[in-house]
Amino acid sequence: MPLAQLPDHDAKLRPQIADSWRRSQLFGVAPDLDPGVVSLADVDAHSRLMVAAGPVLDRLTRQLEGTRFCVLLADRDCRLVFRWFGHRPLQLELENIGVLLGSHFAEGRVGTNALGTPCESRQAVVIHGAEHYAHALKRFSCYGHPIHHPLTGRLDGVLDITGMSDDENPLFRPLVSRAVADIRDVIVEGARAGERRLFLAFQHATQRRSAPVAVLGGDVVFATDACIEQLRPGDPALLRTLLPDVPRRGALTATLAVADGIDVAVTAERVDGTPDGAVFRVCRTTGRSFVPRAEAPRTGRATLITGDPGTGRSTVAGGAGGASGVEVLGAATALRLEPRAWAARFTDLTARPGTTVVVDDVHLLPETFLVPLAAALDDGCPAKLVLTTCPADELPAAAAAVVARCDEAQVLAPLRERPGELPALLSAMIRADRPEWRPRFTGGALAALRGHPWPGNLHELRSVARHVSRLPCTGIVDLAQLPKQYRSTAKARRLGGREAAERNAIVTALRSNAGNKLRAARELGVSRTTLYRRMQALEIAEDCPVL
């Protein structure tokens, strides 16, 4: 509802609660929102927060045994990772409104609540009954307290005790505060013990001083000089982008692109006794020549290259001629010429032996222009033909019938499906603007870029490269130097397949509608309020750029 339509009793709300209500409105949350419509995510029972909170939660739940209260723990993304109920009817009440493991309780989704509000304000909060924003939560009294990492100060999670509003108890506020302090103490002890284990793992892995080894975990990075040399122009923190993929048992083998022309083969294993530590061994460095895709078109007489806009169709097609000449005819040229003139030009070019003729954006050609193209494919011609189109399932029927005649087809994956190529692509694009500069991206910056959905593909990546190329020449590009909308890291990396697809669909709709939220919501078939909620939940910036 608009700010002007807040209920009369808003004037009586405590300042902390009133501020939260206003944020809830700005997020587009409706008071009659049904929190039972939930989006569930997987819960990592071995996360650093869960390991640290475990013994404290055991003590706290024993103290509350037999009461009509529950204990809830959310992670830094406001996802519920632990719940305990001392009263079965209370459990049923809360489950009916979506209090399930993995459910999302950010203010931007359900309004003022004792998990989302401490996440947003970074302060402890007590919320009684009607102080909740959503009607479904007004039956409860809640005591929420943020858990800040004692060494880094960052938010690690939120602890909450909740009961029915008739059962509010002022003693629960210090009880929650004491439990959070105990969790912070365990985090400190665990960090020290974890750092010792990481250091011992590093010592064991570097018995040969020349070994290219790095050990990462938490905020700690150990690396040998040989590893740093192998990863240049990146840095050892770049390996952090692989941490989520390292299995609890066994080893991960992966290839990481660190720059244009440089791939490193890496193996990684977990460090026992740490929540996220791993030993990385850089096995070798291999060179490669830069192309927008890892493979160039093959050598058939007629080749089809398909992919989303911006995936490098034209660039790959242009490289098909090798040392011989390449002539390009595209939809833009066809629209400027009469059909007979275009056909004459096409016939002339395809009659030249040793020439590669690229027909760009075949799906945009008027049907009359497809006739000479189909004839050349049917009858053969001295020149090599390379056609580029949109994805096959989006082709008009007439164009699909023509390109089906090609001998070979190559599908270019969208950029979001090949994040390992980002460092090489960025380096090449930046050097095109500033040949003298060899920037080095930190691990945090590359992690954020790898997690972005890239609906604009290479066109969008070039805009980031242009932004970076205008930065002062310090040699290092960190997270804060990326454009604002590209700084999201942890959330994007943890999105499941469905949420990743949803995020990409929303960003694409916003871009195709020039950022207009109402038109984007209509295109997606949802209300504008729902669109705002999903943008908040999936960390899509309000100023999502239009390319």
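This report walks through a predicted model, from its overall make-up to one helix, the sheet beside it and a few individual residues.

## The whole chain

The protein has 547 residues, and 51% of them are buried. Its secondary structure comes to 19 helices and 17 strands. If you look at contacts between residues at least 6 apart in sequence, 65% of them join residues at least 24 apart.

On the outside, the protein exposes about 24,800 Å². Carbon and sulfur atoms supply 52% of that area.

## Helix H10 and its buried face

H10 covers residues 339-350, which makes 12 residues. From first C-alpha to last it reaches 16 Å, close to the 16 Å expected at 1.5 Å a residue.

Which residues of H10 are buried? They are Trp-342, Phe-346, Leu-349 and Thr-350. Looking down the helix axis, these buried residues fall within an arc of 90°, so they line one face of H10. The general background is handy here: an α-helix has 3.6 residues a turn, so residues three or four places apart point the same way. The cover over the buried residues of H10 includes three strands, S12 (326-330), S13 (356-360) and S14 (384-389), along with helices H9 (331-336) and H11 (367-379).

## The five-stranded sheet

Strands S12, S13 and S14 belong to an open sheet of five strands, with the order S12-S13-S14-S11-S15 and parallel pairing. S12 and S15 (408-412) are the edge strands, each pairing on one side only. On average, neighbouring strands in this sheet are turned by 20° against each other, ignoring direction.

Zooming in on one pair, S13 and S14 run parallel and are joined by four bridges. Here Val-359 stands opposite Leu-387 of S14. Two helices pack on this sheet. H10 touches S12, S13 and S14, and its direction makes about 160° with that of S12. H11 touches S11 (302-307), S13 and S14, with its direction at about 130° to that of S14.

## Thr-355, between H10 and S13

The loop between H10 and S13 holds Thr-355. Is Thr-355 buried or exposed? Its relative accessibility is 12%, and the cut-off for buried is under 20%, so Thr-355 counts as buried.

What does Thr-355 touch, leaving aside neighbours within four places in sequence? Its contacts are Gly-325, Glu-327, Leu-349, Ala-383 and Lys-384. Leu-349 is one of the buried residues of H10, while Glu-327 lies in S12 (326-330) and Lys-384 in S14 (384-389).

## The S1-S2 hairpin

Away from that sheet, S1 (residues 69-75) and S2 (residues 80-85) run antiparallel, joined by five bridges. Val-71 stands opposite Trp-84 in S2. The hairpin has four residues between its strands.

Cys-78 sits in the loop between S1 and S2. At 2% relative accessibility, Cys-78 counts as buried. Its phi is near 65°, a positive value in a residue other than glycine.

## Another positive phi

As a general point, most residues other than glycine have a negative phi. Asn-457 is another residue to check on that score, with a positive phi near 50°. Asn-457 is in helix H15, which covers residues 457-469. With a relative accessible area of 2%, Asn-457 is buried.

Terms used: Residues are numbered from 1 along each chain as its sequence is written. This is a predicted model: local features need pLDDT of at least 70, side-chain atom pairs count only at pLDDT 80 or more; totals for chains, interfaces and linings use all residues. Side-chain values use heavy atoms; hydrogens and water are left out. Buried means under 20% relative accessible area, exposed over 50%, partly exposed in between (1.4 Å probe, protein chains only). Contact means heavy atoms within 4.5 Å. Accessible areas come from the Shrake-Rupley method with a 1.4 Å probe; for residues, only the protein chains shown count as cover. The expected span of a helix is 1.5 Å times one less than its number of residues. The arc is that of the directions from the helix axis to the C-beta atoms. Two strands pair if DSSP finds at least two bridges between them. Axes are lines fitted to C-alpha atoms, for helices over the stretch in contact, and angles run from 0 to 180 degrees between N-to-C directions.
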